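Please look through the structure below with this briefing at hand, which moves from one cysteine to the wider fold and then to the core and the aromatic rings.

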Amino acid sequence: MRIRTLTLAAASGAALLAAGVLPASASGAVAPKSAQEGSVSAADLLAKVTSCSQISSGKYKTDDETSATIPVCGKNGAVFWKADMDIDCDGQRTTNCNEDRDPWYQDDTAFHQSDGKPLKAESLPYIVVPSSSSIWNYSNAGIKGGGVVAVIYNNKVEYAVVGDTGPTKIIGEASYATAKALGIDPDPATGGADSGVTYILFKNSKVSPIESHSAAVSLGDQLAKQFLANN
């Protein structure tokens, strides 16, 4: 679980500039996907979340040093929020997700694979939900580990699962694999998106096994169609 501060992010950027090194996104190393997942377009999903009926008792920050401006909103069959994307590289150690690459790295995730092991952030698209607090309790809203999420950015749709929990006051985080699929720089130290990411979480859904991305896409497409019909 990543807790990024603007100070750290700025320091990292300054160090990169001083060293004459650019983040992967600036050098074109991360190629956006050419097509969305599933049959429901980003535009159709976004058209259903233009206004917010707030269900959270308060609002969330996107980073430690920002103001709390992000509400959790309710719709028929789903909850959603619009925020940034910090990169979660927690779980199983891989080439790009480990202590050397991620200063916030932890070797576990809140929810586990069917074999009991932590999730694998580098290869599995998942998102992070804020840990339950007086602001909002995700489980009371019908959101559970393995639940399906439509993540939308730059006119692309990526289906992910609820895979980890984060700080009680911060929102807007997803795995390395989620970011990469959406064309966002997935580097856990310097990557992410400052804004423009929409997360639509489908209530009472569960992908089984949680580590099957193809199952998430199949169920996500079905639930996205229902979401359009019911809102």
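**Briefing on the predicted model**

Cys52 is partly exposed, since its relative accessible area is 39%, a value between the 20% under which a residue is called buried and the 50% over which a residue is called exposed. The model shown here is predicted, and Cys52 belongs to one of the 2 disulfides that the structure holds.

**Disulfides**

- Cys52 is bonded to Cys73, with the two sulfur atoms 2.0 Å apart, and the link is left-handed, with -100 degrees about the S-S bond.
- This pair links distant parts of the chain, because Cys52 sits in the loop between α3 and β1 while Cys73 sits in strand β1 itself, 21 residues apart.
- Whereas Cys52 is partly exposed, its partner Cys73 counts as buried, with a relative accessibility of 3%.
- Cys89 and Cys97 are joined by a disulfide with an S to S distance of 1.9 Å; this link is left-handed, with -65 degrees about the S-S bond, and both of its cysteines are buried.
- When the bonded cysteines are counted along the protein chain, the disulfides follow the pattern 1-2, 3-4.

**Overall fold**

- The protein chain contains 5 helices and 7 strands, and read along the sequence these elements follow the pattern α-α-α-β-β-β-β-β-β-α-β-α.
- Of the 231 residues in the protein chain, 51% count as buried, and the accessible surface comes to about 9700 Å², with 49% of that area belonging to carbon and sulfur atoms.
- Among the contacts in the protein chain with a separation of 6 or more, 75% are made by residues 24 or more positions apart.

**The nonpolar core and its surroundings**

- The largest nonpolar core has 58 residues, and of these Trp81 and Met85 touch the most other members.
- Several elements give two or more residues to this core, including α3, β3, β4, β5, β7 and α5, while β2 gives the most, with 7 residues.
- If neighbours within four places in sequence are left aside, the residues in contact with Met85 include Val151, Gly172, Thr178, Leu182, Ile184, Val197 and Tyr199.
- Thr178 is found in helix α4 and counts as buried, with a relative accessibility of 0%; leaving aside neighbours within four places in sequence, Thr178 is in contact with Met85, Pro125, Tyr126, Val151, Glu158 and Ala160.
- Pro188, in the loop between α4 and β7, is also buried, with a relative accessible area of 0%, and its C-alpha atom is separated by 7.9 Å from that of Pro103, although the two residues are 85 residues apart along the chain.

**Aromatic rings**

- A pair of aromatic rings is described by the distance of the centres and the angle of the planes.
- The count comes to 3 aromatic pairs, and one of them is the edge-to-face pair of Phe202 and Phe227, with 6.0 Å centre to centre and 75 degrees between the planes.
- Because Phe202 lies in strand β7 and Phe227 in helix α5, this pair ties together parts that are 25 residues apart in sequence.
- Both rings of this pair belong to buried residues, as Phe202 has a relative accessibility of 3% and Phe227 one of 2%.
- Ring pairs also link Trp81, Trp136 and Tyr199 into a cluster; Trp81 was named above for its many partners in the core, as it and Met85 touch the most other members, and Tyr199 is in contact with Met85.

How values were computed:
Residues numbered from 1 in each chain as written. Predicted model: local features only at pLDDT ≥ 70, side-chain atom pairs only at ≥ 80, totals over all residues. Heavy atoms only, no water. Phe/Tyr/Trp six-rings, centres within 6.5 Å; stacked < 30°, edge-to-face > 60°. Helix = DSSP H or I, 4+ residues; strand = E, 2+ residues; numbered from the N terminus. Buried < 20%, exposed > 50% of the residue type's maximum accessible area, 1.4 Å probe, protein only. Contact = heavy atoms within 4.5 Å. Areas by Shrake-Rupley, 256 points an atom, 1.4 Å probe, with all protein chains shown as cover. Core = buried A, V, L, I, M, F, W, Y, C linked by side-chain atoms within 4.5 Å. Disulfide = S-S within 2.5 Å.
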